[in-house]
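Let's take a walk through this structure together, with the sequence and the 3D view open side by side. Keep a finger on the residue numbers as you read.

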Amino acid sequence: MSFLADKLSRIKPSPTIAVSTKAAELKAAGRDVIGLGAGEPDFDTPQHIIDAAVKAMNEGKTRYTAVAGTPELRQAICDKLKRDNELTYTPDQISVGCGGKQTIYNALMATLNDGDEVIVPAPYWVSYPDITLLAGGVPVFVNCTAENNFKMQAADLEAAITDKTKWVILNSPSNPTGAAYSRDEMKALTDVLVKYDHVHVMTDDMYELITYDDFEFVTPAQVEPKLFDRTLTLNGVSKAYSMTGWRVGYAAGPLEIIKAMNKIQSQSTTHTCSIAQAAAVEALNGPHDFVAERNAVFKERRDIVVKMLNEAEGLECKTPEGAFYVYPSCAGVIGKSTPDGKTIKTDEDFVTYLLEAEGVAAVHGEAFGLSPHFRVSYATSNEALIEACTRIQRACAALK
Ligand code: PLP
């Protein structure tokens, strides 16, 4: 009998972190590897945010804070949600955690009983199913195909709802596809959800600010105010403000859920770093011009990657609305053989081939629940992306 808890066997380590680690190891061993696996911007945290952190330290903001987050940060979050999303929350309806990931963890731990179902559109961010499983819940996947631009269809959502459904998780723009729901597309989903009182909506808006081509971001409770009382709106500063290492994420929602999340947090991390919280206040309240500048850079990269991947034999790549990922299909290479005689049977075989033959690290689609695809993160320089895509084209052309 293992000394370790049974519940650990339900989950696996993050596959995206595993790919980044493997790429780093190969690089350290002297291989010329281009990593397209990382889920973080390659930009630095803007200087005014760093200055706010230094100021906070000098002012002695180095002690424990409230479990839910400092009053200043929770007020800044309420102001942001009002300003950007037309949502009216009070500071006691906000819980700040150590990154978006911990707020999702707190929310699922605080609400799931054994056997409760969580609807997860696939492809999904890898942590949704595993945190659900750890909390005793059952992920119920809804396939969102490339033909539908990886967006959940209202009928498929409705078919997945049962008496046991507790949450539906929505993530727009999405990791891993970059797909984002327009107002009409979101309304089609909220029209279904208003009919089922027992279903709550967890909306992960982490990539809200990273969108292209005049796309208008919307969040479920904004599109359908009737859902406000059963929606948990999640967001954070990690991606848009290039603050992945600072570990600040937040949830806004019904008081009962927020209080329960705070209770869990009070017996785990207590709160996120006081200095990071001060920096997050500046991120939310401070100037935002860098967001548009960085998005312009991301958009150029997206367009390079989409074009070059579509030129590769056997690959097909959609143009997503946001985030910094593309999720090409590799259906056209399945069944082909590599120059050293191996058959590509799965998307995992394909990304392994890319890494071994050409030193390009991407994440296989199976990890995100929709195959045969793979995820490319384009949060790296144009030069690295052009080189990586050239290598992918060469690898595809070498398949027989
Ligand atoms: N939600 C999505 C969709 C993500 O892609 C990520 C990070 O990759 C997170 C949440 C977690 O972000 P954080 O680093 O703030 O925990």
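The notes below go through the ligand shell, two helices, some strands and a few unusual backbone spots.

**The ligand shell**

Please keep in mind that this is a predicted model. A good place to begin is the ligand, which has 13 residues around it. Gly99, Gly100, Lys101, Asn175 and Ser238 are the closest of them. By character, the shell is made up of 9 polar, 2 nonpolar and 2 charged residues. Helix H4, covering residues 99-111, gives the largest share of this shell, with 3 residues.

**Strand E2 and its partner**

Strand E2 spans residues 94-97. How do its side chains point? Ile94 and Val96 go one way, while Ser95 and Gly97 go the other, and all of them are buried. In a regular strand, side chains alternate between the two faces of the sheet. E2 pairs with strand E8 (residues 249-252) in the antiparallel sense, over 4 bridges. If you want one spot to look at, find Val96, whose bridge partner in E8 is Tyr250.

**Two helices, each with a buried side**

Helix H1 runs over residues 15-28. Its 14 residues should span 20 Å at 1.5 Å a residue, and the end C-alpha atoms are indeed 20 Å apart. Which residues of H1 are buried? They are Thr16, Val19, Ser20 and Ala23. Viewed down the axis of H1, these buried residues fall within an arc of 95 degrees, so they line one face of the helix. That buried set packs against strand E1 (34-35), strand E10 (360-361) and E11. Glu25 and Ala28 are exposed on the other side of H1. After H1 comes Gly30, with a positive phi near 100 degrees.

Helix H2 (residues 47-58) can be read in the same fashion. H2 has 12 residues and reaches 16 Å from first to last C-alpha, close to the 16 Å expected at 1.5 Å a residue. Ile49, Ala52, Ala53 and Ala56 are its buried residues. They cover an arc of only 100 degrees around the axis, which puts them on the same side of H2. Their packing partner is helix H10 (274-285). On the face turned away from the buried side you will find the exposed residues Gln47, Val54 and Asn58. Gly60, just after H2, takes a positive phi of about 80 degrees.

**A three-stranded sheet and the loop beside it**

Further along the chain there is an open sheet of 3 strands in the order E9-E12-E11, with antiparallel pairing. Its edge strands are E9 (325-326) and E11 (363-364), each of which pairs on one side only. E9 and strand E12 (residues 374-377) are joined by 2 bridges in the antiparallel sense. Val326 stands opposite Val376 in E12.

The loop between E11 and E12 holds Leu370. Is Leu370 buried or exposed? Leu370 has 23 other C-beta atoms within 10 Å, and a residue counts as buried at 20 or more, so Leu370 is buried. Apart from neighbours within four places in sequence, Leu370 is in contact with Ala122, Pro123, Asn143 and Gly365. Thr65, by contrast, lies 305 residues from Leu370 in sequence and 41 Å from it in space, C-alpha to C-alpha.

**Unusual backbone spots**

The table gathers cis peptide bonds and positive phi values in residues other than glycine.

| Site | Feature | Angle | Location |
|---|---|---|---|
| Ser172 to Pro173 | cis peptide bond | omega near -10 degrees | Pro173: loop between E5 (165-171) and H7 (183-193) |
| Ser371 to Pro372 | cis peptide bond | omega about -10 degrees | Pro372: loop between E11 and E12 |
| Arg247 | positive phi | near 65 degrees | loop between E7 (231-236) and E8 |
| Ala323 | positive phi | near 55 degrees | loop between H11 (289-310) and E9 |

Where do the two positive-phi residues of the table sit, buried or exposed? Arg247 counts as buried, with 21 C-beta neighbours inside 10 Å. Ala323 is buried as well, with 29 other C-beta atoms within 10 Å. Pro372 is found in the loop between E11 and E12, and that loop also holds Leu370.

Key. Residues numbered from 1 in each chain as written. Predicted model: local features only at pLDDT ≥ 70, side-chain atom pairs only at ≥ 80, totals over all residues. Near = placed C-beta within 6 Å. Nonpolar A, V, L, I, M, F, W, Y, C, P; charged D, E, K, R; others polar. Buried ≥ 20, exposed ≤ 12 C-beta atoms within 10 Å, placed from the backbone. Pairing = 2+ DSSP bridges. Expected span 1.5 Å × (residues − 1). Arc of directions from axis to C-beta. Contact = placed C-beta atoms within 7 Å.
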